[in-house]
Every structure is written in structure tokens, then in C-alpha cells.
Amino acid sequence: MIRISNIKLPLDHSQEALDEQVLSCLQISPEQVVKTTVFRRGIDARNKKAIFLMYTLDVETRLDEELLAKFDRDPNIRKTPDMAYKYVARASEDLKERPVVVGFGPCGIFIGLILAEMGYKPIILDRGKAVRERTKDTFGFWRKKQLNTESNVQYGEGGAGTFSDGKLSTQIKDKKHYSRKVLNEFVDAGAPEEILYVSKPHIGTFKLVSMVEKMRAKIIELGGEIRFGARVDDLHLEQGQVTGLTLADGTQIKSRHIAFAIGHSARDTFRMLHDKGVYIEAKPFSVGFRVEHRQSLIDKAYYGEFAGHPTLGAADYKLVHHCSNGRSVYSFCMCPGGTVVAATSEENRVVTNGMSQYSRNEMNANSAIVVGIDPSDYPGHPLAGIDFQRELESAAFKLGGETYDAPAQLVGDFLQGKPSESLGEVEPSYKPGIKLTDLSGVLPEYCIEAIREALPAFNRKIKGFAMDEATLTGVETRTSSPICIKRDDSLQSLNTRGLFPAGEGAGYAGGIMSAAIDGIKVAEAMALAINEAK
Ligand code: FAD
């Protein structure tokens, strides 16, 4: 197969135009083409008056070898690399002990799936409920303010990314093409096929829910077992080696190979692991607010007169500003045409996050505008970042009126340092509701100062970004894990054999794709360790 890159076509081009490009690039006739597949489709919107689609195509021809030799000096024509996933091990027929995976978010799903595919029959435990019941609890909280601390946006089947925008981009290096395995599995489970080729794929909440169920069924069919309502409360250790664990209901499970893919919000489990002596370090993360604008403002800024074009969809953005006080402020988890959601897993706290449906056709665009902080801002203890997060989340709960409403403020008022009293054209979408106030007391002064400097700077990149009537809600604290459970080259904890820290909670991922990819790596490491221990 031949990969042709950098094919540029106008937004409304025909299929014939694409086919024509293949023929002219390779200087062949239509009869010599067996099949053409789009490998990647990006958007070049640098010139808003002439927006182009940029293609990378995989073409199977009757003359592959000949053409590759002919164009060997052309950087845009290359042999298509082999991106198929290769299993690193196979369980023996007399598998004595099943590996255990704690957490069934994207990371735990892929640890479980890959182990099951290799024959290791993993036992997977999640503290939350199966996804349909979890959906009722989560939407119930947004509607009725009744929080279930074990079944919510953070906890339950599918993990933190289930009620999300389902963005699937990642910037991690991926020499082994693990991301292709992840995307193929998602498509098999019902994700739209376009995620395989669009440059910024996303899935949206409702599709994610049914995909998670299908992936669960596949793991079970392959010999895995999944238990919900199974919170791990204790770890068994013998001379620095994991030997098993205890669940909240007292059930004990023996295993010498246990992955912890518990996400960034399992604060009680972080504490338990730390108390058990597992080596943990504090790590940097970010805090801030969610900002909302009309999506049409963002579309116009990026696509000009092409705003609203169906191929382009709702525009997204990525912004960063380095402030004079040394802090960096950046946009995070931008959700085009989405809503802001209540994302706490603990009582009497307010945490914001964002989600959307596949269609991304809600009125507002939202993103977190966050300030980077590091352990020097919360010194003293590996878990001090958690106390720092809790303090901000409790302050937001108080400022919101102690009802789970989020405190909110208009951008204009925030910049002028005065409380907001009435809304303008941007209706905040946060459920269950908002309380207009002054947000400046809810984050440390250096964060407020940094965000006040960054918003006008962002306005220079997106006209209207700092408009008076844009809204801020807060607080955004669960941007990534405040800790890192350090691991060595075998992906085991630095000081606890058989414990495989994994995914976002352990500090090795940030987002659905990187968590899933880390899951594949950890499954491979577990399989190799199990085979070695025999
Ligand atoms: P998680 O998904 O957090 O999964 C951890 C699992 O472990 C949970 O199911 C939890 O119930 C379970 N668990 C915790 N403690 C225990 C215990 N003691 N015993 C048993 N089980 C336990 N990322 C993107 O890339 N794109 C997006 O669009 C996006 N949007 C998001 C929107 C929202 C509202 C949220 C909250 C997050 C979003 N993210 C997004 C981030 C993404 O969801 C996470 O990066 C990803 O889910 C991390 O995967 P994980 O498997 O490491 O952990």
C-alpha cells in the first residue's frame, strides 16, 4: 500500500477530485487503482477566505513496488507503515492466578481488553455502577442536586471520560501505533468510522455510553470478569510484593499482579496506597474556571464566512498565555457546542468540567481557562495537592450558595473586579445551576491575576473572547492528577512489586486516548511479568 500525503482540496470538492489527485500524484490510470482509503483529513483554515481540506491517503495499486521505486525521492509518497497491533505474550493453558485491574475507565478498559485478548482472564473491579445506572445517577445529580458519591461523573463504568466531549486527540509519541488499536476498538464498539481519519476526532456522550457496554461484553466473552460496586479499600503486601486486595464489602481477592487505573479523583484510594507505603510524589496540575461564549463567535473567528459549514463542524480552539507573574494560563478540554457540567465526586464541593454530544450543536462553546501550579504552591506532603483542590472546591460550594450551584461571573465584571448581578447574551449552561457573584476569592490571588492578564491576550487571538458578557463558572480543579505513583521500566511501582500504577490517576496520562494507550502498555507489562514469574 502507498501513502500519499499533503493533498490539498477545496472544502466542497467532489469524490472525483480526490480520485483525480491520486491518479495525477502517482501518474497512473484508474484501472491500476485497487482501493483508496482516507488515512487522515485535516483542515487548513489559515486563510479564512479559502479553507482547504488536507488529505493523507492510503492507496492500493497493481504496481505498488514499481511506484514506490519511481517516487523514492518524493517525501509525500511513501510505503504505508504496518500499523496492526502485535500481541507481546500469550497466557499459558495452566494460568494459576488471574491479574486484577482496579478501575474501568479508558485505561482499565484497555488493560482488561488486551489482557483478555492474550488469554489472561483478568478480574476488573470498579467502585461505581454499570454505565446505564451510572447515567441515571449522574444526570440525577445535575437535575436534582442529589449526589451519589460512588456513582457520578468521575466514578463508574467507562470512567471519567464517559460523560464528556469524547475528544480523542493526544500529543504523545506513538511509535508502536497503539492509538490505531484504540481507535479500531472504538469503531468496533460503535464509534463513528470518521474517528479513524479526521484530525480532531470526537465521539460525544451518548455514543460513549453504548460503546462502553460493548467493550465490556467483549472482555467478558474473552474470559474476563467485571465487578461493579467493587471499591478497593485495602492492599495486601508481603515484603514489598502485592499479594491481593480487600473490597469495601470485605471480599478478598488474591493476585500478585494488580493494576491501579483509578483516575485522578480517587482521593481515598491514593491515601490508602500512600498509607501502605506505596511510593507517591506530588505533581503539577492546573486550576481555573470554565469560560463560555456563543459557539457562533468561535466559528466566525476560525472559519469566517464558512462558519457553520457541515464539513467543518463546530470550531475549537487552543490558547496559551505566559504571564508576567511567571504563570502560564491555557485553555483546556475545550468543548465546542457543549455544556458545562457538575463534576464533583465529593459532598459539599463544586467542580466544573465540560461535555458535548456527537453533534456539538448546543448554543455555547466552553473550555477551562486554567493556571499551571506545582508542588511549591502546596508544599509539605505528597498528597498536599489534594488538600489544595479540596479547599478550592469547598470555597466554590460556599460561594455558589451551598446547593451545588456553581459560582459564576461575567468576564467583564471579573476583569473589573466587581460582582455580577445579571446575565447578558451568554446563558451559562452549568447544571444544576449558577449563582452570580464575584469569583476572585475562590482561587489564590496569583491565579486570578494571571487569568485577568490572559483573557485580554486571548481576545487578541479570538476577537470577542474577553467580551463583557462571556461567562465564567468555577472551579476547575480536576484537570489532571495531583500525584504521581512512580513506576520503573517494568511499569511496576518503584517500591511495590506487582503493583502497576496506570493511567491518569497515577500521573501517566491526560485524556481518553493517552489513558487508553497507557492501558495497552500496562497490559503488556503485566503479561510479560506474569510469564516471567512462572
Ligand atoms: P478514569 O477514567 O478516571 O477511571 C478511573 C476508574 O477507577 C473510575 O471508573 C473509578 O470508578 C474507578 N475507581 C477509582 N477508585 C477505585 C477503587 N478504589 N476501587 C475500584 N474502582 C475505583 N479527556 C479527553 O481526552 N477528551 C475529552 O473530551 C474529555 N472530556 C472530559 C469531560 C469530563 C466531564 C471529565 C470528568 C473528564 C474528561 N476527560 C476528557 C478526561 C478523561 O476522562 C480522563 O483523562 C480519562 O478518563 C482518564 O482515564 P483513566 O482510565 O486513567 O481514569
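Select Asp137, Thr138, Phe141, Trp142, Leu147, Asn148, Ser151, Asn152, Val153 and Ala342: together they line the second largest cavity. The model on screen is predicted, and the tour starts inside it.

**Stop 1: the cavities**

The space enclosed by that first selection is about 30 Å³. Colour helix 4, residues 131-144, and you have the element that gives the most to this lining, with four residues. Colouring by class splits the lining into five nonpolar residues, four polar and one charged.

How many cavities of 30 Å³ or more does a search of the whole structure find? The search finds two. Move to the largest cavity, which has a volume of about 100 Å³. To show its lining, select Pro106, Ile109, Gly158, Gly161, Thr162, Phe186, Leu208, Met211, Val212, Met215 and Ile512. Helix 3 and helix 6 (205-221) each supply at least two of the lining residues, and helix 6 gives the most, with four. By class, this lining has eight nonpolar and three polar residues, with no charged ones.

**Stop 2: the ligand**

Keep Gly161 and Ile512 selected from the lining of the largest cavity. Both are also among the residues that come nearest to the ligand, along with Asp126, Ala160 and Glu504, out of 37 residues around it.

Now show distances to the oxygen atoms of the ligand. For Asp126, a polar side-chain atom lies 2.6 Å from a ligand oxygen. At Gly156, the contact is made by a polar backbone atom, 2.9 Å from an oxygen of the ligand. Gly166 also uses its backbone, with an N or O atom placed 3.1 Å from a ligand oxygen. Taken on its own, the ligand has 1000 Å² of accessible area, and the protein covers 96% of that.

Which elements each supply at least two residues of the shell around the ligand? Highlight helix 3 (106-117), strand 17 (352-355) and helix 12 (512-533). Helix 3 was also selected for the lining of the largest cavity, where it supplies at least two residues. Sorted by class, the ligand shell has 17 nonpolar residues, 14 polar and six charged.

**Stop 3: the second largest pocket**

Next, select Arg40, Thr170, Ser179, Leu183 and Met513. Of the 17 residues lining the second largest pocket, these five lie nearest its centre. The pocket volume is about 300 Å³. Strand 2 (33-44) and helix 5 (178-188) each supply at least two lining residues; helix 5 gives the most, with three. Nine of the lining residues are nonpolar, five are polar and three are charged.

**Stop 4: the annotated domain**

Select residues 284-479, where UniProt, in an unreviewed entry, places the feature "domain: FAD-dependent protein C-terminal". A distance drawn between the end C-alpha atoms of this span reads 10 Å. Helix makes up 24% of the span and strand 27%.

**Stop 5: backbone details**

Where is Cys333? Look in strand 15, residues 328-335. The phi angle of Cys333 is near 50°, a positive value in a residue other than glycine.

Go on to Lys431 and Pro432, which are joined by a cis peptide bond with omega of about 15°. Pro432 sits in the loop between helix 10 (411-416) and strand 20 (434-436).

Finish at Gly474 and Val475, where another cis peptide bond has omega of about 5°. Val475 belongs to strand 21, residues 471-476.

Notes: Residues numbered from 1 in each chain as written. Predicted model: local features only at pLDDT ≥ 70, side-chain atom pairs only at ≥ 80, totals over all residues. Heavy atoms only, no water. 1 Å grid on protein atoms, 1.4 Å probe; cavity = no way out; pocket = protein on both sides within 12 Å on 5 of 7 lines; lining within 4 Å. Points joined across faces, edges and corners; volume = space filled by probe spheres on them. Nonpolar A, V, L, I, M, F, W, Y, C, P; charged D, E, K, R; others polar. UniProt positions renumbered as here; feature names shortened; annotations may be inferred. Near = heavy atom within 4 Å. Polar contact = N/O pair within 3.5 Å; in protein donor to acceptor, adjacent residues only side chain to side chain. Areas by Shrake-Rupley, 256 points an atom, 1.4 Å probe, with all protein chains shown as cover.
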